[in-house]
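Trainee: I have a model open and I'd like to learn how to read its helices and strands. Can you walk me through it?

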Amino acid sequence: MAEGQRGDRLLGESPAFMEVLELVSQVAPLDKPVLIVGERGTGKELIAARLHYLSRRWDQEYVKMNCAAISESLMETELFGHEQGAFTGAQKSHRGRFERADKGSLFLDELATTSPLVQEKLLRIIEYGEYERVGGNKTLVADVRLIAATNEDLPTLARKGKFREDLLDRLAFDVITLPPLRSRPEDILILAEHFAVKMAMDLGREYFPGFSMSARKVLRSYHWPGNIRELKNAVERSVYRSTDPDHPIDLISLDPFESPYRPTRQGDPAPVVRETSDETAAPSLTPSVPAVDDFPIDFRKSVQDYEVGLIKSALAASQFNQKKTADALGVTYHQLRGYLKKYDLLDSP
Ligand SMILES: Nc1ncnc2c1ncn2[C@@H]1O[C@H](COP(=O)(O)OP(=O)(O)OP(=O)(O)O)[C@@H](O)[C@H]1O
Ligand SMILES: [Mg+2]
């Protein structure tokens with residue numbers, strides 16, 4: 001357990017997570033750029049903050065910038081600032097994030113979406129520590145530690161020419177890869193209890209009555225494509241939806257869209273697993289078709305992995321009722337039993 005950012009605790013004891021924390025402590029004191037990668041909701045933002053607060057720059061500015069949230073031209077002025085009169089409407093000069101982060105750290109979140117122009121300027125600032133404000137000719141010096149995060153595979157993007165390889169080399173002095181929640185099974189219940197206790201307190205309840213055995217089973221076996229954020233949402237929803245505050249939580253509400261009245265277009269199959277409320281990306285159960293340069297792959301194993309993933313999610317979503325699971329997958333009960341036997345899932349999880 002550790003302080004990630006004021007008030008935000010980083011929970012977890014699994015070996016995979018402890019390894020990450022160890023690497024964070026080792027790399028934090030160095031003044032080198034660090035890249036944090038991991039699926040969505042794995043805690044990249046918390047780890048970035050921890051890197052800053054464990055560094056020698058901890059008492060200086062920690063400035064954040066979400067590169068996906070703004071347009072290319074705005075991004076340039078946000079990062080590097082602009083001089084008065086640099087463009088129509090620039091009535092005053094503006095300090096960019098690099099200037100504000102001087103002597104401190106700058107966290108570039110969702111880095112993969114930056115344009116070629118911004119990538120070029122970033123390269124220069126890392127290489128020479130110099131830049132100019134937009135519309136300015138005075139060269140400024142940046143003493144900034146860069147921390148970047150993405151859930152994209154930057155080496156693949158670089159190979160395809162969508163991200164500068166030379167920038168990647170410089171940004172990724174070291175790379176911290178956050179494990180998905182399904183690779184940290186030991187942490188699921190620790191995190192779930194933490195979010196549940198907090199939610200119960202927020203609701204003014206005297207205590208949190210715990211999870212039932214079957215709820216624990218669902219929490220442990222679901223594959224959590226949205227990782228910790230999805231777990232947090234599911235747990236909080238389950239706590240406030242539970243009507244008897246003295247009774248252990250039995251139903252884990254994995255899918256906020258679930259309703260018999262849910263509008264679906266005629267003929268659309270009901271999706272097995274839905275994303276949680278703050279996610280808009282495509283369901284990550286959908287297998288991504290490999291890109292040209294990803295081949296060769298193990299075709300049979302890929303198909304089997306996908307089948308196992310679907311079955312496990314459907315089981316969890318149906319609270320382990322096999323009849324409901326078969327319905328959710330559109331197979332007969334006997335076909336489902338066949339799959340469970342084939343993949344050794346009869347005692348799942
Ligand atoms: N180890 C942890 N302990 C407690 N809470 C955590 C931990 N890791 C992540 N969280 C919580 O999970 C949520 C998601 O974390 P965060 O926003 O850092 O993820 P992310 O990797 O940046 O996601 P995205 O790629 O979608 O931006 C936040 O509410 C965060 O507080
Ligand atoms: Mg994030």
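Mentor: Sure. Start with what counts as a helix: a DSSP run of H or I with at least four residues, numbered from the N terminus. Keep in mind that this is a predicted model.

Trainee: What phi does Gly-330 take, just after α12?

Mentor: Gly-330 has a positive phi of about 70°.

Trainee: And which residues of α12 are buried?

Mentor: For helix α12, residues 322-329, they are Thr-325, Ala-328 and Leu-329. Viewed down the axis of α12, they fall within an arc of 90°, so they line one face of the helix.

Trainee: Why do residues three or four places apart point the same way in an α-helix?

Mentor: An α-helix has 3.6 residues a turn, so residues with that spacing point the same way.

Trainee: What covers the buried residues of α12?

Mentor: The cover includes α11 (299-317) and α13 (333-342).

Trainee: Now the sheet. In what order do the strands run?

Mentor: For strands, pairing takes at least two DSSP bridges. Here 5 strands make an open sheet, ordered β4-β5-β8-β3-β9, with parallel pairing. At the edges sit β4 (62-66) and β9 (174-177), each pairing on one side only. From one strand to the next, the twist averages 20°.

Trainee: How many bridges join β3 and β8?

Mentor: Strand β3 (residues 34-37) and strand β8 (residues 145-150) pair in the parallel sense over 4 bridges. Take Ile-36: its bridge partner in β8 is Ala-149.

Trainee: Which strands does helix α2 touch?

Mentor: Helix α2 (residues 44-53) packs on the sheet and touches β3, β4, β5 (105-109), β8 and β9. Its direction makes about 165° with that of β8.

Notes:
Residues numbered from 1 in each chain as written. Chains lettered and ligands numbered in written order. Predicted model: local features only at pLDDT ≥ 70, side-chain atom pairs only at ≥ 80, totals over all residues. Buried ≥ 20, exposed ≤ 12 C-beta atoms within 10 Å, placed from the backbone. Helix = DSSP H or I, 4+ residues; strand = E, 2+ residues; numbered from the N terminus. Arc of directions from axis to C-beta. Contact = placed C-beta atoms within 7 Å. Axes fitted to C-alpha atoms, helices over the stretch in contact; angles between N-to-C directions.
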